[in-house]
Amino acid sequence: MKLRVNGREHELDVPADMPLLWVLRDRLRLTGTKFGCGIAQCGACTVHVNGRAQRACVTPVASVEGADVRTIEGVEGASAKAVQDAWVALDVPQCGYCQSGQVMSAVALLEAKPAPSDEEIENAMAGNLCRCNCYARIRQAVRDAADSKGATS
């Protein structure tokens with residue numbers, strides 16, 4: 001099976017129903033994508049598939065063959081830079097475990113909606129859980145990233 005991850009092609013011999021998360025972590029050694037709940041409820045495993053946020057823990061690898069898969073290690077561009085800068089400026093993470101999924105969801109949101117409303121931010125980030133309860137700083141970081149991106153475009 002051929003898989004394109006972070007701009008690189010990979011030829012893999014894996015079961016078609018193997019979750020994308022395990023292919024990324026165990027076969028490609030891209031450990032930035034985290035295992036959380038395993039049932040697509042916490043968002044720790046969020047990656048981009050053709051630019052859209054998707055939960056890798058419930059995505060059979062065969063379903064993304066031929067797609068462009070991006071992980072936290074390969075996310076780039078103006079939205080990613082704005083989100084990363086805002087995360088650092090606001091010192092968003094505490095334990096950090098959920099942060100790669102949070103960042104991937106935030107970047108996907110800003111790519112789709114460069115100036116999201118507060119409601120759109122709430123909806124886009126609702127599927128990402130943070131056990132440290134950093135939600136206020138996460139929301140502010142997404143707002144700041146959108147504002148800074150708008151200021152530079």
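The expected span of a helix is 1.5 Å times one less than its number of residues. The model is predicted, with local features requiring pLDDT of at least 70 and side-chain atom pairs pLDDT 80 or more, while totals for chains, interfaces and linings use all residues. Residues are numbered from 1 along each chain as its sequence is written, and side-chain values use heavy atoms, without hydrogens and water.

**Exercise 1.** Determine whether the span of helix α3 agrees or disagrees with the expected one.

*Solution.* Helix α3 comprises the 14 residues 99–112. At 1.5 Å a residue, α3 should span 20 Å. The end C-alpha atoms of α3 are 20 Å apart, so the two values agree.

**Exercise 2.** State how many residues of α3 are buried (under 20% relative accessible area, 1.4 Å probe, protein chains only).

*Solution.* Of the 14 residues in α3, 12 are buried, and the helix is mostly covered. Among them are Gln99, Ser100, Val103 and Leu110.

**Exercise 3.** Describe how α2 (residues 78–89) packs against α3.

*Solution.* First, the angle between the helices is about 135 degrees, and their axes lie 9 Å apart. Next, angles under 35 degrees count as roughly parallel, over 145 as roughly antiparallel, 65 to 115 as roughly perpendicular and the rest as oblique; α2 and α3 are therefore oblique to each other. Finally, the contact (heavy atoms within 4.5 Å) involves Ser79, Ala80, Val83 and Trp87 of α2, and residues of α3 including Gln102, Val103 and Leu110.

**Exercise 4.** Locate Thr33 and classify it as buried or exposed.

*Solution.* Thr33 belongs to the loop between α1 (20–27) and β3 (46–49). Thr33 has a relative accessible area of 1% and is therefore buried.

Key
Helices (H or I, at least four residues) and strands (E, at least two) are DSSP runs, numbered from the N terminus. Buried means under 20% relative accessible area, exposed over 50%, partly exposed in between (1.4 Å probe, protein chains only). Axes are lines fitted to C-alpha atoms, for helices over the stretch in contact, and angles run from 0 to 180 degrees between N-to-C directions.
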